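Reader: I'm new to this structure and would like to learn how to read it. Could you walk me through it?

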Amino acid sequence: MNHFSYEQDELYCEGIPLRKLAEAVGTPCYVYSCATLRQHFNVFDHAFADVPHMICFSVKSNSNIAILNLLGSFGGGVDIVSGGELFRALKAGIPGDRIVYSGVGKTLDEIDYALSEDILMFNIESTQELEVIAARAKFLGRTARIALRVNPDVDPKTHPYISTGMKENKFGIDIESAINAYEQARGLGHIQILGVDCHIGSQLTEIAPFVDTLQRLRVLIEHLEKMQITIRFLDLGGGLGIVYDQEEPPHPREYAQAILQKLNGLSCTLIFEPGRVIVGNAGVLLTKVLYTKRTAIKNFIITDAGMNDLIRPSFYGSYHQIQPVERTNRETQVVDVVGPICESGDFLARDRELPLVKAGEYLTVMSAGAYGFSMGSNYNSRPRPPEVLVRGDQYFIIRQRETWDDLIRGESVPDLLNPGLSLS
Ligand code: LLP
């Protein structure tokens with residue numbers, strides 16, 4: 001359920017007609033719905049109401065500080081994977097004790113930053129990382145609270161680029177080595193073992209891989225308890241899928257039921273790291289048709305949004321629904337919706353049946369709230385689009401459109417090249 005719907009054939013985000021927004025803010029632009037975010041967060045949260053739990057929103061899916069702040073105001077924490085994400089989370093007002101930090105390549109600077117901000121826990125992905133974190137904590141006179149990210153070797157049955165919990169993936173410590181790694185962690189000073197963590201992949205549309213993982217982790221936790229290692233937090237990661245097209249992912253309530261059933265008296269606080277299921281369908285990319293063109297074998301709609309704004313179709317072959325902002329009765333045609341980038345892989349949709357559209361008309365690329373703006377780039381020297389948050393009949397620009405000056409910020413021409421061309 002989301003708050004993007006037609007009223008009298010005009011597409012609205014909550015109380016705001018998207019055409020008006022496009023005219024006021026320009027295109028391309030990302031638009032997010034506050035009410036949808038609140039609803040998605042609450043549904044997930046209520047589904048686990050019977051057990052102690054914490055929802056740590058995955059910052060990589062949408063990193064805007066207004067979104068983080070909003071989710072924080074609902075009681076959420078965050079899952080981060082870099083110093084930059086920690087900086088954003090803190091700027092957004094998320095307290096350190098609601099921050100968990102995953103990622104296979106944490107640098108010394110990032111580790112020091114997270115230690116000095118006293119985050120809830122590091123999700124450690126290798127024994128070398130464990131040793132480095134222990135050494136940095138000692139150096140800084142702090143204690144690092146940790147979980148080991150365990151790779152359970154479960155097939156999440158999703159796109160190979162976003163599978164993370166299989167033997168061949170770079171993530172986590174394989175489950176067979178986990179006991180030894182916990183034993184090692186226990187022997188290290190300045191380390192406090194707090195939990196067990198996993199994240200097996202993204203856009204999962206079946207429950208079974210989550211349940212298999214939990215079963216494996218329960219066996220591990222029982223083993224650790226026998227070794228007198230108490231696990232207070234069980235972090236089950238993110239990954240719950242959403243509807244882009246015809247998928248039928250489990251509802252968060254079904255997901256929760258399946259997890260709760262398998263807990264069987266386990267008394268840890270559960271941590272979840274959802275990203276997409278919270279924000280994916282709470283955002284759209286609004287774009288304008290620049291031109292239409294017919295070649296000998298294809299019809300093209302050329303939009304002012306390209307793969308630099310939304311890379312998912314080009315990168316993963318992902319499907320995003322595309323809807324005209326004005327709904328009228330018209331004929332359809334099969335088209336490629338493409339951007340202005342100089343790559344044939346720059347498309348938002350391929351061989352898609354869409355109503356006949358005209359240059360100047362606005363289109364909405366749906367389900368773009370997760371891994372949309374956050375994966376955007378300046379490729380082809382295109383300023384990144386603005387982000388707008390809608391609440392009822394109000395809207396807020398939560399990120400300005402970049403300017404051409406932004407494009408060259410930090411660049412300089414070395415004196416060595418002078419006398420060269422004179423700079424304007
Ligand atoms: N926790 C960890 C440690 C993660 O690596 C991820 C996502 C999440 C949580 C959140 O997963 P979610 O609930 O959003 O599925 N760019 C890809 C998705 C990459 C996911 C990376 N990790 C896409 O556009 O589909």
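Author: Gladly! Let's begin with domains: their bounds come from an automatic or database domain assignment. This is a predicted model, and its protein chain is divided into domain 1 (4-30 + 281-397) and domain 2 (32-279).

Reader: How many Å separate the centres of domain 1 and domain 2, and how many residues are in contact?

Author: Contact here means heavy atoms within 4.5 Å. By that rule, 25 residues of domain 1 are in contact with 24 residues of domain 2. Taken over C-alpha atoms, the centres of the two domains are separated by 32 Å.

Reader: Where does the ligand lie with respect to the domains?

Author: The ligand lies between domain 1 and domain 2, because both give residues to the shell around it. The space it takes is the largest pocket.

Reader: Which residues come nearest to the ligand, and which classes are in the shell?

Author: There are 19 residues around the ligand, and S202, E273, R312, Y316 and Y371 come nearest. By class, the shell holds 5 nonpolar, 8 polar and 6 charged residues.

Reader: What polar contacts does the ligand have with R276, R312 and Y316?

Author: A polar contact is a pair of N or O atoms within 3.5 Å. An oxygen atom of the ligand is 2.9 Å from a polar backbone atom of R276. The side chain of R312 has an N or O atom 2.6 Å from a ligand oxygen atom. For Y316, a side-chain N or O atom is 2.6 Å from a nitrogen atom of the ligand. On its own the ligand has 590 Å² of accessible area, and the protein covers 92% of that.

Technical notes
Residues are numbered from 1 along each chain as its sequence is written. This is a predicted model: local features need pLDDT of at least 70, side-chain atom pairs count only at pLDDT 80 or more; totals for chains, interfaces and linings use all residues. Side-chain values use heavy atoms; hydrogens and water are left out. A residue is near a molecule or strand if one of its heavy atoms lies within 4 Å of it. A polar contact is a pair of N or O atoms within 3.5 Å; within protein, one must be able to donate a hydrogen and the other to accept it, and residues adjacent in sequence count only if both atoms are side-chain atoms. Accessible areas come from the Shrake-Rupley method with a 1.4 Å probe; for residues, only the protein chains shown count as cover. On a 1 Å grid over the protein atoms alone, a cavity is a set of points where a 1.4 Å probe fits but cannot get out, and a pocket is an open set with protein on both sides within 12 Å along at least five of seven lines; lining residues have an atom within 4 Å of a point. A molecule sits in a cavity or pocket if more than half of its atoms lie within 2 Å of its grid points. Ala, Val, Leu, Ile, Met, Phe, Trp, Tyr, Cys and Pro count as nonpolar, Asp, Glu, Lys and Arg as charged, and the others, Gly among them, as polar.
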